[in-house]
Amino acid sequence: MSLIHEIDYGTPASKAKKKVTLTVDGVAVTVPEGTSIMRAAMDVGTQIPKLCATDMVEAFGSCRLCLVEVQGRAGTPASCTTPVAEGMVVHTQTERLKRLRKGVMELYISEHPLDCLTCSANGDCELQDMAGAVGLREVRYGYDGTKHPNPGIDNSNPYFTYEPSKCIVCSRCVRACEEVQGTFALTIAGRGFDSVVSPSMAEPFLSSECVSCGACVQACPTATLNEKSVIEIGTPEHSVITTCAYCGVGCAFKAEMRGQEVVRMLPYKDGKANRGHSCVKGRFAFGYATHKDRMLKPMIRERITDPWREVSWEEAIGYAASEFKRIQAKYGRGSVGGITSSRCTNEETFLVQKLVRAAFGNNNVDTCARVCHSPTGYGLKTTYGTSAGTQDFDSVEQSDVILIIGANPTDGHPVFASRMKKRLREGAKLIILDPRRIDLVRTPHIEADYHLPLKPGTNVAVVTSLAHVIVTEGLVNEAFVRERCDWDEFQDWAAFVADPRHSPQAVEKISGVPAELIRGAARLYATGGNGAIYYGLGVTEHSQGSTTVMAIANLAMATGNIGREGVGVNPLRGQNNVQGSCDMGSFPHEVSGYRHVSEDATRAMFEALWGRPLDAEPGLRIPNMIDAAVDGSFKGLYIQGEDILQSDPNTQHMAAGLAAMECVVVQDLFLVETANYAHVFLPGSTFLEKNGTFTNAERRIQMVRKVMAPLNGYEDWQVTELLSNALGYPMHYNHPSEIMDEIAELTPTFAGVSYKKLDELGSVQWPCNEKAPEGTPVMHVNGFVRGKGKFVITEYVATDEKTGPRFPLLLTTGRILSQYNVGAQTRRTANVIWHEEDRLEIHPHDAEQRGVRDGDWVKLASRAGETTLRALITERVAPGVVYTTFHHPDTQVNVVTTEFSDWATNCPEYKVTAVQVMPSNGPSEWQEEYEELTRQSRRIAKPLIAAE
Ligand code: SF4
Ligand code: SF4
Ligand code: SF4
Ligand code: FES
């Protein structure tokens, strides 16, 4: 294995359709109009020396190293900033050019501290490379670099250093921060020899606006900005292409290695989801993989009050299997089940649901998508016929109006947010429906045209009101609707939304959104050109989550914003493989490809290959499993990679259900909260230790490649295989590619997927089959998957969770950029520097009424329970609304969330909880007890709630 070097073409590719032919050093080359001479030269294999140019950002033309001669033109233009022209004749290697380039390099080197042999970038430095490329052999002006500013090294960022003495002021970092990331945190301060890169107002990186995406570090041609891991370990010697295991954007990375150690993760330019960019989590927060808390030995205990006992894999698997068999013999086939993980690979997820259906012999399998995007599956399948987003991420580059509902892309899906921001800076319009002033409402060079700060729980009313304006003002795309949708259903829907009770004035009373904002936003979405909708958990995690998804789908159909680039309905998926875990048949009513277990032909296909009869009745969902456990009829659970105690609602009920079971098997990286209730702990493997695939939010299937041997000895799919074999249902795969072959054989939308194809193409978006052998970037192009698009009546029904005198505020929740989900991974990295604790955002008015000051401890109480955390006073939230994140187990925000859930899918109503906030002296008694008991449980395995 060797290092993968991606070609740097110097300037971005031109998207022009028209072609131009020129000659470079006598060789003819045809390129799109607008291409730079530098890039055209690369096409004929000529690398013109360069320093300030890189293909991540637009050309700047400051270093003057890339000079060329153009026949018929005076002077020596910079090839990076000069576009090609028809018939142009370019020379790149004349004696004059060689002399000029040497002169430029001489000046740079005379200003540079020449400590190359001990520099962390030695061997990986473009300044060194260019000195070699131009044949520099002497420097007439000395080598001391004394004129350059040397204010000392900025070590404040946990992941990279800034050493100004090595800066060549090429401005690549500044442009990367602006153009790629869109944060505008850097400037060049000072002039001439005093020029220096400056984060924000000459602050250290850590306290500046920098969000640690690392784009500037990647862009820097010298060691001025460099990863601390490279400084500590040395330069990498081989690399492997893999996929980020954090969010649903699915960024592709080169894991750059030295032996078995990851030196750095570099975003892969050919990654079609991220196009060479990343966020702080994917690029830097991989240290959890080797954190001391990793559990690497299997453990068992008979009762959850017993201490853990380390055992061999054989004993642990044998014990778990015999317990599941004993339970089924005693309590019946349906008394056990399994939970798949949206963090594991498609292949691993597929095997867990196969184990449940074929080895357990029931359909009691569910996944964490239950608590996030199950309404997306239901809503989009009902209206369009398929349970997934309609576009690829590239599509946003063609959008004219972007409507974001209940999502916070800059924190939750940062790399896609950067791509979206770029389009917004180019002039696309922005509408945001969110109770909170998310960053995109106003961020450098972007301001939302409309922000509709709706009251939590009123999504259906507001989206239906947008439809009211569109229908009553004649803004429907009738031609599209007549051709593509069921016309009768449309007419019923149009009559429904046109009712005055859905007018902006009426809905203002319900939602608190001024009528003119609803009207303006609706007009802009319907008439502003290509309208694209992106939504998140602020849509789905409601008692009417599925209804809102269908209301959104209606809106897109009514305006014809579906079935081409730049438009569509796009759920921003939370976890890395939440799309995949749903696709793989993780739900109790559906096998892979979203086919109902009651379909005889589908079951017959599985039965023929699996050699076991499948149950035609849907199994239990997670909440039903827990209810049944509390009632005493559900006794055993195999949980792969999910911390349901922390991530699911109503913590006390969850704890009681887990404590009532006789065999809970947890397969995870760490002793997560749920493991406090486990009888068997099976160590899990990280994405760095396994092969497989993830499917991102755009249905893109990408390879996850093993970069190091599993620290526990097994990849997760192998552990499931061992368990299945011990249960008496044989599984014998040699490699995850064989599991994918089985998925393809059984799943029509995956029929054309294979590891060979993924290796060849890099990735494919399902459906991938005979009709679409290379996948489907945009869905519903010539018609909806279900045939005619279905308009669904979306009656607004207020949630049962009501505010009142005891609980007058509404709590809503979300996530922050540096942390991920329940924080099990990110809390075990240096990312904690940005988010040490969950805080409660509260409006100054509400805080003042309660005598709460910024940073004070406050008690957060609901009908379900109470917890304590610190207050953060901010106008980001409207009066009457409070907000917090859920990344830290000691906060246990789900202690206060209720049992209410989406009517169609049971997705919990996390986004609306009536609460009261009051001053407090510090963590509540139970939190202190919890902390102490967890400490004990981890040490001597004492559980928090003993089984009755
Ligand atoms: S790390 Fe990212 S946000 Fe920070 S300065 Fe560099 S490019 Fe800008
Ligand atoms: S820090 Fe690096 S990228 Fe930025 S101006 Fe200096 S040398 Fe160029
Ligand atoms: S945006 Fe998501 S997928 Fe990309 S690097 Fe960040 S966490 Fe990973
Ligand atoms: S690379 Fe063209 S001017 Fe610097």
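These legends accompany several close-up views of a predicted model.

In this predicted model, local features need pLDDT of at least 70 and side-chain atom pairs count only at pLDDT 80 or more, while totals for chains, interfaces and linings use all residues. Residues are numbered from 1 along each chain as its sequence is written, chains are lettered from A and ligands numbered from 1 in the order in which they are written, and side-chain values use heavy atoms, with hydrogens and water left out.

**View 1. An open sheet of five parallel strands.** Reading across the sheet, you meet the strands in the order β20-β17-β16-β21-β22. Helices (H or I, at least four residues) and strands (E, at least two) are DSSP runs, numbered from the N terminus, and two strands pair if DSSP finds at least two bridges between them. β20 (450-452) and β22 (569-571) each have a single partner strand, so one side of each has no neighbour in the sheet. From one strand to the next, the twist averages 15°. Zoom in on β17 (residues 429-433) and you will find three bridges to β20, with the two strands running parallel; here isoleucine 432 sits opposite histidine 451 of β20.

**View 2. Helix α12 across the sheet strands.** Helix α12 (residues 414-425) lies across β16 (401-405), β17 and β21 (531-535). Its direction makes an angle of about 140° with β16; axes are lines fitted to C-alpha atoms, for helices over the stretch in contact, and angles run from 0 to 180 degrees between N-to-C directions.

**View 3. Two nonpolar cores.** A nonpolar core is a set of buried Ala, Val, Leu, Ile, Met, Phe, Trp, Tyr and Cys residues joined through side-chain atoms within 4.5 Å, where buried means under 20% relative accessible area (1.4 Å probe, protein chains only). The largest such core holds 97 residues, and Leu225, Met420 and Leu430 have the most contacts inside it. Helix α22 (residues 622-631) gives the most to this core, with five residues. A second, separate core has 58 residues, among them Val591, Val719, Leu723 and Tyr729. Back at leucine 225, the residues touched include Phe160, Tyr162, Phe205 and Cys220, leaving aside those up to four places away in sequence; contact means heavy atoms within 4.5 Å.

**View 4. The surroundings of ligands 1 and 2.** Which residues are around ligand 1? They are Cys177, Gln181, Leu186, Phe205, Cys210, Val211, Ser212, Cys213, Gly214, Ala215 and Cys216, each with a heavy atom within 4 Å of the ligand. α4 (172-181) and α5 (215-219) are the elements that give two or more residues to this shell. The shell around ligand 1 has eight nonpolar, three polar and no charged residues. Around ligand 2 there are 13 residues, and the closest are Cys167, Cys170, Ser171, Cys173 and Cys220. The ligand 2 shell divides into nine nonpolar, three polar and one charged.

**View 5. Strand β34 and its partners.** β34 (residues 866-873) pairs in the parallel sense with β32 (residues 839-842) over four bridges. Along this pairing, glutamate 841 faces leucine 872 of β34, and arginine 839 stands opposite arginine 870. With β33 (residues 857-862), β34 pairs in the antiparallel sense over five bridges, and a hairpin of three residues joins β33 to β34.

Definitions and conventions: Buried means under 20% relative accessible area, exposed over 50%, partly exposed in between (1.4 Å probe, protein chains only). Ala, Val, Leu, Ile, Met, Phe, Trp, Tyr, Cys and Pro count as nonpolar, Asp, Glu, Lys and Arg as charged, and the others, Gly among them, as polar.
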